[in-house]
Amino acid sequence: MRASRPDIASLARKRVALWGWGREGRAAYHAIRARLPQQPLALFCSETESAGAAALNDPLLSVEREATGGALSAFDVVIKSPGISPYKPEAVFAAERGTRFIGGTALWFAEHADDGTMARTFCVTGTKGKSTTTALLARLLRAAGLRTALAGNIGLPLLELIDESADAWAIELSSYQTRDVADSGARLRIAVVTNIHPEHLDWHGSERRYVDDKLALLTEAKPQIAVLNAEDPVLAALALPDSEIHWYGHARGWHLRGDALHRGDAFVMDTSSLPLPGRHNRGNLCAVLTALEAFGLDAVSLAPHAASFQPLPNRLQPLGERDGIRYVNDSISTTPHATLAALALYAHRQVAVLVGGHDRGLPWEEFADAMHERAPHAIVTLGHGVAGQNGDRIHALLSPMAAEGRFALSQARDLEDALAQARAALPDGGVVLLSPGAPSFGLYRDYVARGRHFAELAGFDPDSISGIAGMGIA
């Protein structure tokens, strides 16, 4: 049986704690305090974060120490930040003793489950492409004249918009948040899933659990309409008896033939000049148009508005040229599959690619196999000798092929060293591509900080390349 709907009113007179004091945690605090001003709250956070919480001067907010299983089990409900895994031993311990763990996303959906918002809500997830797809969806919804919210994992917590209204909601969800929709008891109108590849295994604990958590948006939340990529084998094998499936990437629906966009057999437009680098990004346009069509809009007439889309930072983002070298920031790349997609885009150029980051245990064998046929000019592995980084593991895997002369291979301890080596590998010019295929943890706060540092080292203003256009409601 599904647990009771976790709207904010249901928290009254319960023992409630927040776990994490990042932007999501702060948004949850303010949303609860606005509705339940007399509700006692506890907060589990780091020592550095506790100073910000203390500055609130809230006598009903107690800052707790370490979030042990025993400490967490003293609460009826713990509202955790997305980056905190519910599979951590302390969370499992508390859950077994009756503590309910939910995310802020579940609170937002529960608050709006019955007010008509769900009929205007699109949720987008996928291992790759979800941010671009969500932002492009918002752009075309606005082109249709709808006041549209762009929020979620893309950088604006839903709870910051809890009292706002919109004609449509374009919401990005990470695999950390997809179960929140099912937990909320809400049934949304349209869910879009772009693809499924192994990722975030350190958070989910296994590839199987990652896939199950990601697909919970479909299998457990049971949206009215599921927009799915027919070219993805995991999605193509799904049976969703409670949802109406609309496929894209299929000859009968929205799909690409080279650069030509088609709706079934009908040619719609050429996509080669769109600000959507790579075939995978133009495939995201097919996802968006399928969702718009499912919503009842004229997708054919809206398709040309993709030409005015502003590409998102850190996603195959051209920074510019210096001394004959083009710099491309793909810091969002956190899987080997994403790095292969980036290399495919620049297959016609001399490329030095920078790979490596936090080691989550993802296999790089498929990447190595691809280097037999389509290797770049040079590969520089990051994090040499740094604990927790996978650069040395990738280097060892690629060394036999490099010894055969298929490509130049070198090791760098940090990004500055890697950039210098990449430049040296391209004396006649080419492309320096930051596409790490791994998260930034251990060396940077997040992929945005890594991308900003890359831009700065390459001689570009990091402030000018970091903003996401259209966030919020417009």
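Trp364 is buried, with a relative accessible area of 2%, where buried means under 20% relative accessible area, exposed over 50% and partly exposed in between, for a 1.4 Å probe and protein chains only. Phe367 likewise counts as buried, at 1% relative accessibility. This is a predicted model, in which local features need pLDDT of at least 70 and side-chain atom pairs count only at pLDDT 80 or more, while totals for chains, interfaces and linings use all residues. Residues are numbered from 1 along each chain as its sequence is written, and side-chain values use heavy atoms, with hydrogens and water left out.

A search of the whole structure finds nine aromatic pairs, a pair being two rings of Phe, Tyr or Trp (its six-membered ring) with centres within 6.5 Å, called stacked when the planes are under 30 degrees apart, edge-to-face when over 60 and tilted for the rest. Among them, Trp19 and Phe101 have ring centres 6.1 Å apart and planes at 50°, so this pair is tilted. The pair links distant parts of the chain, since Trp19 belongs to strand S1 (residues 16-19) and Phe101 to strand S5, 82 residues apart; helices (H or I, at least four residues) and strands (E, at least two) are DSSP runs, numbered from the N terminus. Both Trp19 and Phe101 are buried. Trp364 and Phe367 form an edge-to-face pair, at 5.0 Å centre to centre and with 70° between the planes.

Phe101 also leads to the second largest pocket, where Phe101, Pro86, Tyr87, Arg179 and Asp183 lie nearest the centre among 14 lining residues. A pocket is, on a 1 Å grid over the protein atoms alone, an open set of points where a 1.4 Å probe fits, with protein on both sides within 12 Å along at least five of seven lines, and lining residues have an atom within 4 Å of a point. Strand S5 (100-103) and helix H7 (178-184) each supply at least two residues of this lining. Tyr87 has a further partner, as Arg209 lies over the face of its ring at 3.9 Å from the ring centre, a charge sitting over a ring if NZ of Lys or CZ of Arg is within 6 Å of the ring centre and within 35 degrees of the ring normal.

Elsewhere, strands S12 (residues 254-257) and S13 (residues 260-263) pair in the antiparallel sense over four bridges, pairing being assigned if DSSP finds at least two bridges between two strands. His255 stands opposite His262 in S13. Four bridges also join S13 to the antiparallel strand S14 (residues 266-270), with Arg263 opposite Ala266.
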